[in-house]
Structure formats: C-alpha cells, structure tokens
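Please look through the sequence and the model below before reading on. The report that follows goes from the whole chain to its interior, and then to single residues.

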Amino acid sequence: MISNPPEPAELPTMNDVYAVVVECQGEHVPPRHRRRIYLSLAPAEKAVERAKLSGLRATLTLYRLVPAGLN
C-alpha cells in the first residue's frame, strides 16, 4: 500500500503524542486477539519479534493521539 507523504501541517512535532498497538493472533478456534499499547517504539518492536518467534501472527500499528476538546 503506497500512501502520500504527509502535508506539512501533519508532520510530527515535539508536542505530538503517539501510541503503538501490537496485535497478536494465534491459531485458536474461535480466533483470539491480544492487543497491547506501548508508548515507545522499541518495546513494541520487541513484542512483535517475540510473538513471531512463538509462531503467532503479529502486527504493529502507530497511532497519533489527539486530545479531546475540553468543554
């Protein structure tokens, strides 16, 4: 999947907060998913490596957190 580069207004800044979600799935019947949230990329990458070594399918997704409006 090819995506367009972010617009200049969307580039990360020091004030941006990101979360990394690691999702693992094994060969269970019915299917089960494990999701863990990490605030640092390195531990999330290690979790994916460990899951794959254990024979699980694992994905890593990066999310930018946006504060909800305070009213």
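The accessible surface of this protein, in what is a predicted model, comes to about 6400 Å², and 58% of that surface belongs to carbon and sulfur atoms. Of the 71 residues in the protein, 18% count as buried. The secondary structure consists of one helix and three strands, and when the chain is read from the N terminus these elements follow one another in the order β-β-α-β. Among the contacts in the protein with a separation of 6 or more, 47% are accounted for by residues that lie 24 or more positions apart.

**The interior**

In soluble globular proteins, nonpolar side chains tend to be buried together. Here the largest nonpolar core has ten residues, namely Val20, Val22, Cys24, Tyr38, Ala44, Ala47, Val48, Ala51, Leu56 and Ala58. Strand E1, which covers residues 17-25, and helix H1, which covers residues 41-53, each supply at least two residues of this core, and the largest share, four residues, comes from H1. One of the core residues is Ala58, and if residues up to four places away in sequence are not counted, Ala58 touches Glu23, Cys24, Val48, Ala51 and Lys52.

**Two residues outside the buried class**

The table sets side by side two residues that lie in strands.

| Residue | Strand | Relative accessibility | Class |
|---|---|---|---|
| Val17 | E1 | 43% | partly exposed |
| Arg36 | E2 | 52% | exposed |

Val17 has a relative accessibility of 43%, and it therefore counts as partly exposed. Together with Tyr63 and Leu65, Val17 makes a nonpolar surface patch of about 280 Å².

Arg36 is found in strand E2, which spans residues 33-38. Why does Arg36 count as exposed? The reason is that its relative accessibility is 52%, and a residue is called exposed because its value is over 50%.

Which residues does Arg36 touch, not counting residues up to four places away in sequence? On that basis, Arg36 touches Val20, Val21 and Val22. Arg36 and Val20 are 16 residues apart in sequence, and in space they are 8.2 Å apart from C-alpha to C-alpha. Of these residues touched by Arg36, Val20 and Val22 also appear in the list of the largest nonpolar core. The side chain of Arg36 is also joined to the side chain of Tyr38 by a polar contact of 3.4 Å, and Tyr38 is itself a member of that core.

Methods: Residues numbered from 1 in each chain as written. Predicted model: local features only at pLDDT ≥ 70, side-chain atom pairs only at ≥ 80, totals over all residues. Heavy atoms only, no water. Core = buried A, V, L, I, M, F, W, Y, C linked by side-chain atoms within 4.5 Å. Buried < 20%, exposed > 50% of the residue type's maximum accessible area, 1.4 Å probe, protein only. Contact = heavy atoms within 4.5 Å. Patch = residues over 30% accessible without salt bridge, like charges linked within 9 Å, V, L, I, M, F, W, Y side chains within 5 Å. Areas by Shrake-Rupley, 256 points an atom, 1.4 Å probe, with all protein chains shown as cover. Salt bridge = Lys/Arg side-chain N within 4 Å of Asp/Glu carboxyl O. Polar contact = N/O pair within 3.5 Å; in protein donor to acceptor, adjacent residues only side chain to side chain.
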